[in-house]
Amino acid sequence: GADMIRTAAMALALCAALPAAAAEVTDCDRPEANVRNLARPFASATREFANGDVALVSLLLEEPACCGAHLVVTLPDPEIGYGLCRFVTSDDGLGWSSLDLVGAQARYDPATGLQIALPGQRYEGTGFVPFTLHLTVNQAESRVEAREE
């Protein structure tokens, strides 16, 4: 009842105070990267690129209410052939309001690697604002970079 409303209001106030900034990429050894947080519907929560070598997995946590959307990127390790996992989130670690894997556009740039543009929304104080999450996946160097635009 009242406690849940108060908690939601505090979460929204916290999100409102945080400016939008660059994205953060870390290893997947964090609680948010748990499979129980897979976004629903499951059928649109994953996308494969580069002949299946690169996969995006959409995560959506229930808290904070404004911004629990995160992304996992998996790619093969060039030395062992499998197993690299990168967690992508907003620079404050809270995540975004939503990410749209279905709407993702990809192209390959030989100089930098796979370029993926992923539409999303973030909460900015008074409402939700569209943005694009730009990913660069360099398989040869086992590197994932992300930025918001």
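The following dialogue discusses a predicted model.

Student: What is the basis of the model, and how are its residues numbered?
Tutor: The model is predicted; local features need pLDDT of at least 70, side-chain atom pairs count only at pLDDT 80 or more, and totals for chains, interfaces and linings use all residues. Side-chain values use heavy atoms, with hydrogens and water left out, and residues are numbered from 1 along each chain as its sequence is written.

Student: Which pattern does the chain follow along the sequence?
Tutor: Helices (H or I, at least four residues) and strands (E, at least two) are DSSP runs, numbered from the N terminus. The chain holds one helix and ten strands. Read along the sequence, the pattern is α-β-β-β-β-β-β-β-β-β-β.

Student: In what order do the five strands of the open sheet stand?
Tutor: Two strands pair if DSSP finds at least two bridges between them. The pairing in this sheet is antiparallel, and the order is 1-5-4-3-2.

Student: Why is one side of strand 1 and of strand 2 left without a neighbour in the sheet?
Tutor: Strand 1 (23-27) and strand 2 (46-49) each have a single partner strand, so one side of each lacks a neighbour in the sheet. The reason is thus their position at the edges.

Student: Which residue of strand 3 stands opposite Thr-46?
Tutor: Strand 2 and strand 3 (residues 54-60) run antiparallel and are joined by four bridges. They form a hairpin with four residues between them, and Ala-50 in the turn has a positive phi of about 55°. Opposite Thr-46 in strand 3 stands Val-57.

Student: Is Arg-36 buried or exposed?
Tutor: Arg-36 lies in the loop between strand 1 and strand 2. Buried means under 20% relative accessible area, exposed over 50%, and partly exposed in between (1.4 Å probe, protein chains only). With a relative accessible area of 68%, Arg-36 is exposed.

Student: How many residues does the largest nonpolar core have?
Tutor: A nonpolar core is a set of buried Ala, Val, Leu, Ile, Met, Phe, Trp, Tyr and Cys residues joined through side-chain atoms within 4.5 Å. Among the residues with the most contacts inside the largest core are Leu-56, Leu-71 and Val-88. Strand 3, strand 4 (69-75), strand 5 (84-90), strand 8 (113-123), strand 9 (128-138) and strand 10 (143-148) each supply at least two of its residues. The size of this core is 23 residues.

Student: What share of the contacts with a separation of 6 or more comes from residues 24 or more positions apart?
Tutor: Contact means heavy atoms within 4.5 Å. Leu-71, for instance, touches residues including Leu-118, Leu-133 and Leu-135. For the chain, the share is 51%.

Student: What is the angle between the planes of Tyr-123 and Phe-128?
Tutor: Rings of Phe, Tyr and Trp (its six-membered ring) pair if their centres lie within 6.5 Å; planes under 30 degrees apart count as stacked, over 60 as edge-to-face and the rest as tilted. Tyr-123 is buried at 16% relative accessible area, whereas Phe-128 is partly exposed at 47%. Their pair is edge-to-face, with 5.1 Å centre to centre and an angle of 65°.

Notes. Lists of a residue's contacts leave out its neighbours within four places in sequence.
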